[in-house]
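Let's walk through some aromatic rings together. Have a look at the model first, then we'll chat about it.

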Amino acid sequence: MLDTTDAVRAALRANDELPHGRPRTVTAEELVDAAEQFDDPQLLAFALLELTEAYEYDAEQRKLPVVFARIAQLRKEHPDSFGDWENHATDWRYKWVAAALLSVPDVPLEAVRRWHGELRAHYLARGHDLQPYYARQYRLAAHTGQGVQDAFELWAGRWRSRYSDCHACELREQAGHFVALGEDERALEIWQPVFSGERSCSEEPHVSRALALLPLLRTGRLDQARSAHLTGYRWARGRSAAAEPIGLHLEFCALTRNEPRGLEILAENRDLFDRHGDPLSRLHFLTGAQLLLSRLVEDGHGDVPVAGPPGAHRTAAALHAELRTEGDALAARYDARNGTDAVGAARRARLARTPLFAEPMPLGLRATGPAPAAPRPAPAAADRATAADRADTAPAADATRTGPPTWPNSSPKHAS
């Protein structure tokens, strides 16, 4: 019975011990309702903060900003009810809201930018460094395809601070910047502290292992790519917030001619088809799944039964058509919102990738499914993107530093 404040607090502590996912999120919602029956702003603040955490790690980006607005209003009305932990957690979640708004295509771009301004003003007012603000500015630039390099230098050249994302996550973001430029070697060098275990967090190195699959393949590091797939997918399997990494593991299976393995992954994560709370991550998942299914269809296996949305039976060709329709429409919504074609262009480039090998790359696993088509010559160029202007510099940040990261042979234009 949640009929006392002590009972609600105990339930909140117990729920905090559970792994993130649907059960924890549903309970967190119920505990907010329970906290509201008491005239205890601190208890309600704690319950709301716990709910935002549940939403953040359960891919419920649509719901997170609404709950955060309640927290901000509560702090404005009852500032004395917010202790050090509550204040720190609230300030940290300003960044989560920025990411959530960007992920939902229904949110106008002007509203996203307005929130960035709110974050900047709030951090200045509370004496926080602006490096986290510039990190969000970079994500916005990378998403829209506008001013990406300048935004990268404004962020990556700044000192890390108390409200910066964890160092492992920042290294992942920096490496991803160079992967997008086709500079795989530079990206993998930046990733080394993450893959060596020097920098880690609850998500790392697991997410980076998925993001590094393509550059590892393109640079011929096949053993490392195999290991990154096997260990990275083990973490991602069944996680609602891992839709993007799972989509990358599906892509890996398509590019390495391991379609049967890809179908197993699709079946193990079919619940993701029913998850719509994080549209941007959903788009990444749909694109990876579509790329896998396109290999089956093109190789003459379009009539093979595959695992689609729960409760439905579909062939590879039918599900491929559904994912193409939804994915194209979702990407178009982002491009319409952003006023650029960056999201759609990135999706089209990804779907245009073809297998890097004529034979399946051994994974050391048994998977059942349609046999691959007869061997065909590998592409002359293994889907390697090229950058028009390759600089000789790369950021090498250090979480223990109190100064900006080192940029060998050069200096960022906007370092401070």
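Q: How accessible is W85, and what does W85 count as?
A: This is a predicted model, where local features need pLDDT of at least 70, side-chain atom pairs count only at pLDDT 80 or more, and totals for chains, interfaces and linings use all residues. Residues are numbered from 1 along each chain as its sequence is written, and side-chain values use heavy atoms, with hydrogens and water left out. Buried means under 20% relative accessible area, exposed over 50%, and partly exposed in between (1.4 Å probe, protein chains only). W85 comes out at 38% relative accessibility, so the label is partly exposed.

Q: Are the rings of Y123 and Y163 stacked, edge-to-face or tilted?
A: Rings of Phe, Tyr and Trp (its six-membered ring) pair if their centres lie within 6.5 Å; planes under 30 degrees apart are stacked, over 60 edge-to-face, and the rest tilted. The centres of Y123 and Y163 are 5.5 Å apart with planes at 55°, so this pair is tilted.

Q: Is Y163 buried or exposed?
A: Its partner Y123 has 0% relative accessibility and counts as buried. Y163 sits at 3%, so Y163 is also buried.

Q: Which residue lies over the face of W92?
A: A charge sits over a ring if NZ of Lys or CZ of Arg is within 6 Å of the ring centre and within 35 degrees of the ring normal. At 3.3 Å from the ring centre of W92, the residue is K95.
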